[in-house]
Every structure is written in C-alpha cells, then in structure tokens.
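This report looks at a ligand site and then at a sheet. Please keep the sequence and the 3D view open while reading.

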Amino acid sequence: MRQMGEMVVARTIDYLAALPEQPSCGTVDDERYVRAMREPAPEQGSALETLLDPLFDEWIPRSFNTAKSGYLAYIPGGGVFPAALADFIAAGTNRFTGVWMAAPALVQLEANVLDWLREWMGFPPGAAGLFTTGGSMAMFNAICCARERHLGPEIRRGTIYVSSQAHHCIEKAAKLAGIHHDRVRTIPCDADFRMRVDALAAVIAADRAAGLTPFMVFSTAGTTNTGAVDPIDAVADLAAHEGLWHHVDGAYGGCFHLVPELRPLLHGLPRADSLTLDPHKGLFLPYGTGALLVRDGSALRALHSSTAGYLPPNQDEFYDPAQFGPDLSRGFPGLRLWLTFKLFGAARYRAALAEKRALALEAAAALREVPGLVLDAPPQLSLLAFHLEGPAFPTLAAQNAATQALHERVTARGDVMLTGCTVNGRVLARICVLSFRTRRRDVEIAVRQIAEEAAILTRGTPSLA
Ligand SMILES: *Cc1c(COP(=O)(O)O)cnc(C)c1O
C-alpha cells in the first residue's frame with residue numbers, strides 16, 4: 001500500500017510541477033484514438049505502474065488543461081492539492097457519513113463547513129445546506145424544495161422564471177423535478193445582460209391571468225456567458241410581493257460574497273430563499289463539489305426526511321445528511337472542504353478572490369486599448385467578454401468569424417485557453433479569471449496574445465485553418 005501510494009503521489013506532483021510546460025489545451029479532437037481505446041473487461045489484474053503510465057502520459061494530456069494557470073475558459077475550476085489528500089483519507093478510511101449516528105464527529109465537520117458557507121453568504125442561522133456533486137444538482141434540489149412548498153402535489157400549473165442568460169442546467173433540473181419545458185419562462189435581459197425585472201413582472205401577471213401558478217424565480221449572480229449579475233435585490237422585492245420562491249444561482253459568482261469589499265456587487269444575495277454555490281469553481285476545490293443553501297432549513301428537511309426500520313431514529317439537534325439530501329450511502333464531501341479551509345484559512349481565500357477580480361479589471365483596461373476590440377461585457381465580477389470589429393469585417397457574420405478565430409488562435413498558442421459564446425446572434429470571446437493558479441503573468445500573456453492575433457486578423461492575412 002505504501003509503495004502504491006508513494007507512486008501515485010509522486011506522479012501527481014510531477015504532473016503538477018510540469019504544468020507550465022504543458023499546453024493549455026491538449027489534443028481532444030482525435031476520435032480514432034479514443035475508439036481504439038475500447039476494450040473488454042480485464043479478467044486478470046495488472047501492475048499499478050503499467051496502468052499509471054498511459055494514464056499520465058497519454059490520457060490526462062488529451063484534455064482541456066483545467067489545472068493550468070492559463071486556463072481562462074468557461075468558468076475555471078479549482079483543484080487545490082490538499083483537497084486531493086482529503087479525498088484519499090475519506091476513501092481510504094471509508095467511513096459512512098450518510099447518517100449522523102454512524103460518524104457523528106465526521107458529520108459535524110461537514111456541518112461546520114456548511115455553517116461557514118451560510119455565514120459567508122449572509123444567510124440566517126435557521127438555514128440548512130447540502131453538499132452536492134455540482135451546481136446542477138443543487139438547482140434540482142432547490143426546485144424540488146420550492147415545488148413542495150408552493151405547489152404540493154398539484155405541480156402541472158406551476159411556472160418558473162429564468163433570464164435569457166440563465167444556465168441551461170436550470171431547465172434540465174426543472175424537468176427532473178417534474179416542471180416541463182412549457183412551464184419555464186424566459187425573461188429578456190437589458191443591455192448589460194441582466195434580467196429585466198419589469199419584463200419579469202409582466203410575464204408573471206400574464207401567467208396568473210392565464211390561470212397558472214407562478215412559484216419560483218431564478219436570479220444569476222454571475223452568468224456563464226458574460227458574468228452578468230442580475231438585479232438580485234429588485235428580484236427579491238418582486239418575489240416577496242408575488243409570493244415566489246427566489247433562488248440565486250451563485251455557481252460562478254456567489255463565492256465573491258466572501259470578500260466584504262465585493263459584497264455590494266452582489267447586493268441582495270443574502271435575501272435569497274435558496275442559493276447555489278459551486279465550491280469546485282470559486283472555492284478552488286476539485287470537481288464534484290457543489291452546494292445548496294436553503295434559507296428556511298425546514299423546507300430542505302421536509303423534502304428529504306424519511307425513516308426506515310433498519311435505520312436509527314431521526315434526531316433534531318445535529319445535522320444529519322440523509323435528512324437533508326437525496327443520498328444515503330455517499331462519499332464524504334465535507335472533508336475536502338474542511339481540510340482545505342482549515343489549512344489555508346478564510347483570509348487567504350478572500351485575498352485570492354479579490355485578486356481574481358482585480359486581474360479581470362486589469363485585463364479589461366488593457367483590452368480597451370486594443371484596436372478593433374469592443375468590450376461588450378466589462379467585468380461585473382471576474383469575467384469579461386469582447387468581440388472584434390473594423391473595416392476588415394463589414395458584416396456581423398464576418399465579425400463573428402473573426403472573433404471565433406481570435407480566441408481559437410490564442411488558445412492554439414498553448415499558454416492560455418479562451419472560449420467563446422454566442423449572445424443574441426453575436427459571437428463573443430471571453431476571459432474568466434477564477435483558477436487559484438491564475439496570476440498577473442497569465443493575464444498579461446492573454447492580453448498580449450489577443451492583441452497580436454487581433455492585429456493579424458485585422459490585416460487580413462491569417463490562415464483561417
Ligand atoms: C457551472 C455553472 C452551473 C452548473 O454547475 P455545475 O457544477 O457545472 O453542475 C450553473 N450556473 C452557473 C452560473 C454556472 O457557472
């Protein structure tokens with residue numbers, strides 16, 4: 001066991017140490033290679049080393065390099081090293097943390113972390129939380145909570161409201177929760193990609209007039225396309241007036257509420273009835289760590305609480321994971337958060353998050369100086385979006401092709417990875433600064449390479465591969 005463990009730790013650390021030399025995006029478009037990997041179940045075992053060789057040398061490199069400091073694509077993830085050690089301990093000791101009585105001290109660690117998140121988000125002591133595999137499953141649990149509270153068993157007339165910029169996982173989660181697509185209303189956004197509260201009010205009124213039952217509205221604290229923060233406080237006012245459950249999707253941006261100076265950017269967030277957080281994004285943890293906070297904790301418990309003759313009786317004093325979530329047997333997600341937060345301390349988290357925001361502002365200021373670049377979305381948090389235009393690109397289609405080529409050409413250089421998105425028919429290139437490894441140097445490289453590639457594209461001599 002020791003030998004195997006040392007081999008794995010050594011290979012992982014060697015891999016991380018070599019990140020600066022690795023490309024920001026590996027070869028992901030080799031279907032032939034992947035087809036050739038199909039194989040029957042092994043009848044006999046193999047030596048660990050023979051399995052680790054292709055894993056580290058061949059398969060891990062064939063991916064978006066989400067661990068590299070230059071990863072500015074999508075919403076960057078985390079992966080701080082101590083969290084991997086926590087997972088090793090959790091899996092190695094394999095304790096059962098589904099019910100409180102089976103490991104009360106370990107469950108208390110998880111309850112502590114949920115309570116820290118609650119405090120950081122400004123939620124009241126009566127709130128309850130749940131660790132999920134990600135933001136999508138947090139959303140699913142939130143919709144189920146709201147549905148139970150507001151609709152009971154008569155769910156077909158219930159309608160929910162999202163902005164045109166909301167994450168698509170809400171619609172997926174709604175369907176899982178029995179709310180079909182024809183009951184999901186899409187509300188238009190303003191010029192800054194924020195949900196229009198006047199339009200929201202009008203659609204709610206029309207649904208009521210049609211005999212439907214509006215029951216839930218979503219604000220986004222940082223959209224995936226452009227990083228827009230909806231007018232959370234105004235949506236909270238309307239939700240209170242209309243008697244709707246107000247969920248805030250903070251999967252990308254909620255973490256910035258840790259930083260007191262940045263709280264005004266998320267004004268109204270603590271008023272939410274429920275909140276999605278994605279510690280595997282903004283709290284730098286490895287993938288597989290989402291979280292849900294519910295202001296009235298009894299709603300989450302009412303959704304999930306259950307008994308069985310083979311389980312210990314329920315109790316009320318202590319947090320009991322199976323009473324607040326859908327899983328019984330489960331991993332121990334709380335340990336990766338607890339160990340990491342205790343090891344680093346909240347102050348370092350706040351400093352890192354403030355730094356990511358500052359770097360995005362610096363990038364925006366520098367990109368404003370690049371000829372032909374138009375900043376469609378300056379950073380509301382740490383994400384900015386832009387496109388390329390000018391005499392060389394007379395039509396929207398030409399600008400879209402140029403903007404697409406711009407972020408692809410920068411990514412192909414291998415130092416940073418950018419991605420784009422399409423909003424209202426326009427292709428935007430984006431930079432999202434959220435990886436704990438991203439520092440000023442990475443942002444400077446990104447800005448310089450964007451400027452260089454923009455100049456080449458504008459001169460009209462690129463090979464548009
Ligand atoms: C990532 C993200 C989600 C989805 O969360 P997953 O953890 O990927 O399931 C939802 N909303 C926003 C704003 C996100 O950035």
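How far from an oxygen atom of the ligand does a polar side-chain atom of Ser136 lie? The distance is 2.6 Å in this model, which is predicted.

**The ligand site**

Ser136 is one of 15 residues that surround the ligand. Gly135, Ser136, Asp249, Asp278 and Lys281 are the closest of these. The table lists polar side-chain contacts of the ligand.

| Residue | Ligand atom | Distance |
|---|---|---|
| Ser136 | oxygen | 2.6 Å |
| Asp249 | nitrogen | 2.6 Å |
| Lys281 | oxygen | 2.8 Å |

For Asp249, the side-chain partner is an N or O atom, and for Lys281 a polar side-chain atom. On its own, the ligand has 370 Å² of accessible area, and the protein covers 86% of that.

Two helices can be picked out in the shell around the ligand: α6 (135-150) and α10 (279-282) each supply at least two of its residues. The largest share comes from α6, with three residues. Sorted by class, the shell holds five nonpolar, seven polar and three charged residues.

**The sheet**

The second topic is an open sheet of four strands. Its order is β8-β9-β11-β10, and the pairing is antiparallel. β8 (373-377) and β10 stand at the edges with a single partner strand each, so one side of each has no neighbour in the sheet. On average, neighbouring strands of this sheet are turned by 40° against each other, direction ignored.

At one edge, β8 runs antiparallel to strand β9 (residues 383-388), and four bridges join them. Within this pair, Val374 has His387 in β9 as its bridge partner.

At the other edge, β10 (residues 419-423) pairs with β11 (residues 426-432) in the antiparallel sense over five bridges. The bridge partner of Val423 in β11 is Arg426. These two strands form a hairpin with two residues between them, and Asn424 takes a positive phi near 50° there.

Which side chains of β10 point to the buried face? They are Thr419, Cys421 and Val423, which are buried, while Gly420 and Thr422 point to the other face and are not buried. In a regular strand, side chains alternate between the two faces of the sheet. The side chains along β10 alternate in this way.

Technical notes. Residues numbered from 1 in each chain as written. Predicted model: local features only at pLDDT ≥ 70, side-chain atom pairs only at ≥ 80, totals over all residues. Heavy atoms only, no water. Near = heavy atom within 4 Å. Polar contact = N/O pair within 3.5 Å; in protein donor to acceptor, adjacent residues only side chain to side chain. Areas by Shrake-Rupley, 256 points an atom, 1.4 Å probe, with all protein chains shown as cover. Nonpolar A, V, L, I, M, F, W, Y, C, P; charged D, E, K, R; others polar. Buried < 20%, exposed > 50% of the residue type's maximum accessible area, 1.4 Å probe, protein only. Pairing = 2+ DSSP bridges. Axes fitted to C-alpha atoms, helices over the stretch in contact; angles between N-to-C directions.
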